[in-house]
Amino acid sequence: MSSTPTSSSTPTSPKTSIFGRLPKVPFWAQILLGLVLGALLGWAAKSGDIHWLEVTLDKIGTLFVQLLMVVIAPLVFFAIMVSITNLRNVSNAARLATRTLLWFMITSLIAVVIGLAIGLLTNPGAGTGLTAADGKEPKKHGSWLDFLTGIIPTDVITPFTELNVLQIVFMAAAAGIAILQVGDKAKPVLDLSQSALELLQKVLWWVIRLAPLGSLGLVGTAIATYGWNLVSKYATFTADIYVGCAIVMFGVYPLLLATVAKVSPLQFFKGAWPAIQLAFVSRSSVGTMPLTQKVTERLGVPKEYASFAVPFGSTTKMDGCASIYPAIAAIFVAQVFDVDLGIRDYILIAFVSVIGSAATAGLTGATVMLTLTLSTLGLPMAGVGLLLAIDPIVDMMRTATNVAGQSVVPIIVASREKILDREAYATADGSKLNAEPQAVAAAA
């Protein structure tokens, strides 16, 4: 009797010792693994003509994007509306908003100048042998008239069903301003909106956790569909986009952080990297918005201000999609169709990039912004079709640059206004963001 074990712990202890000590894989490593596996599976599907694998990768990527799209429309509405009402809790709110917009424009101008310089130095459209027949026409064209008239919706339902983010932003801004004007009587609506925003972010975080799987499907599909032969025709153009975005993200932003905000650029990337890598995978600034705000807050930006600046930036601050990309793309299209661009045209490109960036509205891709640029310059719209094939590949880097800028600007403004928590900035660690981010909205 005395030799009989009194507990069943002995048989289960080996299992506990094995599985209990397994290291938790960081979120960034999960995404990196998804990217690598996706590239390998995409290459295998393309080279081995494995149709079922290509279909599977496409379904995985499509479902991930669909899940993001389902949440985006209501998320944008409530995030923008609540962010505007949060300004009442911030001293000098008007000045903060003005300076935020000013820095959005400054960094956009710097980005478009870099894009133009790279395009003029490398001639991305020369010698490609491409014609309009190599691509398909875009479904939507953009013009200044369409942009200006398209801001105001014809009804309150269609912008949500058709995912017209610009119209959703307009309605949300109007609702937020109205709540501020009404005051205490509108508090029940504001409370309901904040609760709805928290619920939407809870759902979105579930989707974000699927990003490693989504990256596998999206990258795998891009490689399986287009392969390296097509990419080679766009090699200079693709390299230009990646180099331009890299210069802005790892050159311009760190320089501004070091000289204007007077903070460590390396610490910024340490804290903001989870949002940047998610943007790279999801190709959606709006879909990344909750995580972007979380890392921005952890980098010392006050929650009341971050809850305005980040949602605002997620729909209007597009250095990758609205500055670097249309600048290089316009030069590419002009060279393919043998159209000479002059100083006036380059000034117009800069103007469109700085003023018309809201046309991208945080959606995946930048086709509307490109058509707006081409129509302003009088370049053939058929050029847009040429770039649709390569769009998924360049869009990853564009969106990552967008999101980095959406976090950098609030840090710069907060630092100059002396409201940046420098101790929080110095200790921010993005590797600890595997936990679910909190709600975007500050308490009323």
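Trainee: In which handedness does α10 pass α14?
Mentor: In this predicted model, helix α10 spans residues 235-261 and helix α14 spans residues 320-336. Their axes lie 10 Å apart. The crossing of α10 past α14 is right-handed.

Trainee: At what angle do helix α10 and helix α14 pack?
Mentor: The angle is taken between N-to-C directions and can run from 0 to 180 degrees. For α10 and α14, the packing angle is about 145°.

Trainee: Which residues in α14 do those of α10 meet?
Mentor: The α10 side of the contact consists of Phe237, Asp240, Ile241, Gly244, Cys245 and Val248. Residues three or four places apart in an α-helix point the same way, because there are 3.6 residues a turn. On the α14 side, the partners are Gly320, Ile324, Tyr325, Ile328, Ala329 and Phe332.

Trainee: Why is Cys245 in no disulfide, and how many disulfides does the count come to?
Mentor: Cys245 counts as buried because its relative accessibility is 0%. The closest cysteine sulfur to that of Cys245 belongs to Cys321 and is 8.1 Å away, too far for a bond, because a disulfide requires sulfur atoms within 2.5 Å. Cys321 is likewise in no disulfide. The count comes to 0 disulfides.

Trainee: Is Cys321 buried or exposed?
Mentor: A residue counts as buried under 20% relative accessible area. Cys321 has a relative accessible area of 2%, and therefore it is buried.

Trainee: How far does helix α7 reach from its first C-alpha to its last?
Mentor: Helix α7 covers residues 165-182, which gives 18 residues. At 1.5 Å a residue, a reach of 26 Å is expected. The modelled value is close to this, at 25 Å.

Trainee: Which residues of α7 are buried, and which residue just after α7 takes a positive phi?
Mentor: The buried residues of α7 are Val165, Leu166, Gln167, Ile168, Val169, Met171, Ala172, Gly176 and Ile179. Just after α7, a positive phi of about 85° is taken by Gly183.

Trainee: Which residues does Ser407 touch, not counting those up to four places away in sequence?
Mentor: Ser407 is found in helix α18, residues 391-416. With a relative accessible area of 2%, Ser407 is buried. Beyond its sequence neighbours up to four places away, Ser407 touches Phe268, Thr292, Val295, Thr296 and Leu299.

Trainee: What share of the residues of the protein chain count as buried?
Mentor: The protein chain has 19 helices and 0 strands. Its accessible surface comes to about 19,600 Å², with 66% belonging to carbon and sulfur atoms. Of its 444 residues, the share that count as buried is 54%.

How values were computed. Residues are numbered from 1 along each chain as its sequence is written. This is a predicted model: local features need pLDDT of at least 70, side-chain atom pairs count only at pLDDT 80 or more; totals for chains, interfaces and linings use all residues. Side-chain values use heavy atoms; hydrogens and water are left out. Helices (H or I, at least four residues) and strands (E, at least two) are DSSP runs, numbered from the N terminus. Buried means under 20% relative accessible area, exposed over 50%, partly exposed in between (1.4 Å probe, protein chains only). Accessible areas come from the Shrake-Rupley method with a 1.4 Å probe; for residues, only the protein chains shown count as cover. The expected span of a helix is 1.5 Å times one less than its number of residues. A crossing is left-handed if the near helix is turned anticlockwise from the far one by less than a right angle, and right-handed if clockwise. Contact means heavy atoms within 4.5 Å.
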